[in-house]
Amino acid sequence: MDDLPALLRKVSRITFFFLSLGCVGWIVWPAYKTVFGGFMIGAIGSLAIAWHLAWKLVRIGNVAISGVKPRSGFGFLSRAALALLAAFVSVRMLEFNLPATVAGLIAAPLATLLLGLMSRRRRSGGHSTDERGEKH
Amino acid sequence: MAIYGLLAAAIVFGLGALGAGIGNGLIFSKTVEGISRQPELRGALQTTAFIGVGLVEALPIISLVLAFIFMAQ
């Protein structure tokens, strides 16, 4: 998987799947709506963080090719602020569950990890380097 | 008790940011170096960097939220 937009689309699709699971859980178990609501807000926040990270990566690629010195940094603070905003909206404004929000915040990184592992496994064909006959 | 909360918040976010800073710096320096050397591999390098940074940054983001919880207590 060498295409960043394609990877981002897959990450978004998996996160939306988590969001739909949260909706189903909210409907089926209304007593735990604070948990599912917090998870959904966290998942939306993690998706925003993933989109922002991909945008920054494309900009850094452009900078590396053009050689022009970037005016702004790499932008961890804005992503941290996004996570904080998601936690604030979830806990203070909507009074959802905080641990569920934190669990939702790792939805997109979890999807990224799974897709990365699958891509690596597919690229190696499920065989170790010894079986492919690579020289050490 | 409030001073312990502030101390816990400082330790949690400080150590999380330290690790993320080192990790992000390594990932991005190698990515920019690789793109500069071989621009045709830009897509693959950006995808690998996205996976790496996404994983590295998950921990400090969680630690930031936890730090604010500790500060509120």
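**Why call that a nonpolar patch?**

Student: What makes I3(B), Y4(B), L6(B), L7(B), I11(B), L15(B), L18(B), I22(B), L26(B), F68(B) and M71(B) a nonpolar patch on the surface?

Tutor: Together they offer about 1200 Å² of accessible area (Shrake-Rupley, 1.4 Å probe, with only the protein chains shown counting as cover for residues). A patch takes residues with over 30% relative accessible area and no salt bridge, and joins nonpolar side chains (Val, Leu, Ile, Met, Phe, Trp, Tyr) within 5 Å. A salt bridge would be a side-chain nitrogen of Lys or Arg within 4 Å of a carboxyl oxygen of Asp or Glu. These residues form such a patch, so the name fits.

Tutor: Ground rules: this is a predicted model, where local features need pLDDT of at least 70, side-chain atom pairs count only at pLDDT 80 or more, and totals for chains, interfaces and linings use all residues. Residues are numbered from 1 along each chain as written, chains are lettered from A and ligands numbered from 1 in written order, and side-chain values use heavy atoms, without hydrogens or water.

Student: Which helix gives the largest share of the nonpolar patch?

Tutor: α1(B), with nine residues; L7(B) lies in that helix. Both α1 (2–37) and α2 (42–72) of chain B supply at least two. Helices here are DSSP runs of H or I, at least four residues; strands are E, at least two.

Student: What secondary structure do residues 6–28 of chain B have?

Tutor: 100% helix and 0% strand, with the end C-alpha atoms 32 Å apart. Residues 49–72 of chain B are also 100% helix, ends 35 Å apart.

Student: How many helices does chain A have?

Tutor: Five, and zero strands.

How values were computed:
Patches are made of residues with over 30% relative accessible area and no salt bridge: like charges are joined within 9 Å, nonpolar side chains (Val, Leu, Ile, Met, Phe, Trp, Tyr) within 5 Å.
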